[in-house]
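Here is a short tour of one protein chain, meant to be read with the model open beside it. Take a moment to look it over, and then we can walk through it together.

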Amino acid sequence: MAQDALRTLALAARLDLSKTAGLADSTGGTLPLLADPENFVKVETDLVLVGFVGIIDPPRPECQQAIEECRVAGISVVMITGDNKVTA
């Protein structure tokens, strides 16, 4: 997927929901306990990998004009990324 310039996402599911009791309200709405990052571990452990998906993450349409305006104004535009060479 990286060679096709796709952002790779892993999808996982929890098979045993008893460990997450109390994380959501009864309507499935807000997750009050997850407002505290200390509680993330309760949700992010014991997951089963479902698979991987690739998504397209193109530059925004206005980027080209913004970069050109910077160059006209004498500003050098440099893209810094933490991505691997293949995915950058």
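## Cysteines

A disulfide is a pair of cysteine sulfur atoms within 2.5 Å. By this rule, the count for this predicted model comes to 0 disulfides.

Two cysteines are still worth a look for their surroundings. Cys63 has a relative accessible area of 30%, and Cys70 has one of 26%. Since buried means under 20% and exposed means over 50%, Cys63 is partly exposed, and Cys70 is partly exposed too.

## Confidence in the model

How far does the predictor trust its own work here? The average pLDDT of the protein chain is 80, and 73% of the residues score at least 70. Among the elements, β2 has the highest mean pLDDT, at 93, while α1 has the lowest, at 80.

A friendly word of caution belongs here. Where pLDDT is low, the predicted coordinates should not be read in detail.

## Overall layout

The protein chain holds 2 helices and 2 strands. Following the sequence from its start, you meet them in the pattern β-α-β-α. Strand β1 covers residues 6-13 and strand β2 covers residues 48-56, while helix α1 spans 40-43.

How much of the protein chain is buried? Of its 88 residues, 5% are buried. The accessible surface comes to about 7,400 Å², and carbon and sulfur atoms contribute 59% of that area. As for contacts with a separation of 6 or more, 69% of them join residues 24 or more positions apart.

## A nonpolar patch across two strands

Which residues make the nonpolar surface patch? Leu9, Leu11, Val50, Val53 and Ile55 do, and together they give an area of about 390 Å². The elements that supply two or more residues to this patch are β1 and β2. Strand β2 gives the largest share, with 3 residues.

Val53 makes a good example from this group. This residue lies in strand β2 and has a relative accessible area of 32%. Patch residues need over 30%, so Val53, which is partly exposed, meets that cut-off.

## Met1 and its partners

Met1 sits in the segment before β1. What does Met1 touch, once its neighbours within four places in sequence are left aside? Its contacts are Leu6, Thr8, Phe52, Val53 and Gly54. With a relative accessibility of 42%, Met1 counts as partly exposed.

The C-alpha distances add to this picture. Met1 and Val53 are 52 residues apart along the chain, with 8.5 Å between their C-alpha atoms. For Met1 and Gly54, the sequence separation is 53 residues and the C-alpha atoms are 6.3 Å apart.

## Phe52 and Gly54 in strand β2

Phe52 belongs to strand β2. Is Phe52 buried or exposed? Its relative accessibility is 52%, and the cut-off for exposed is over 50%, so Phe52 counts as exposed. Beyond its neighbours within four places in sequence, Phe52 makes contact with Met1, Thr8, Leu9 and Ala10. One of these partners, Thr8, is 44 residues from Phe52 in sequence, yet the two C-alpha atoms are 6.7 Å apart in space.

Gly54 is also placed in strand β2. Its relative accessibility of 34% makes Gly54 partly exposed. Leaving out neighbours within four places in sequence, the contacts of Gly54 are Met1, Leu6 and Arg7. Met1 is thus listed as a partner of Phe52 and of Gly54.

## Helix α1 and the loop that follows

Val43 lies in helix α1. At 28% relative accessibility, Val43 counts as partly exposed. Val43 and Leu17 are 26 residues apart in sequence, with a C-alpha to C-alpha distance of 9.5 Å.

Where is Asp46? You will find Asp46 in the loop between α1 and β2. The phi angle of Asp46 is near 60 degrees, which is a positive value in a residue other than glycine.

Conventions. Residues numbered from 1 in each chain as written. Predicted model: local features only at pLDDT ≥ 70, side-chain atom pairs only at ≥ 80, totals over all residues. Heavy atoms only, no water. Patch = residues over 30% accessible without salt bridge, like charges linked within 9 Å, V, L, I, M, F, W, Y side chains within 5 Å. Areas by Shrake-Rupley, 256 points an atom, 1.4 Å probe, with all protein chains shown as cover. Salt bridge = Lys/Arg side-chain N within 4 Å of Asp/Glu carboxyl O. Helix = DSSP H or I, 4+ residues; strand = E, 2+ residues; numbered from the N terminus. Buried < 20%, exposed > 50% of the residue type's maximum accessible area, 1.4 Å probe, protein only. Contact = heavy atoms within 4.5 Å. pLDDT = per-residue confidence, 0-100.
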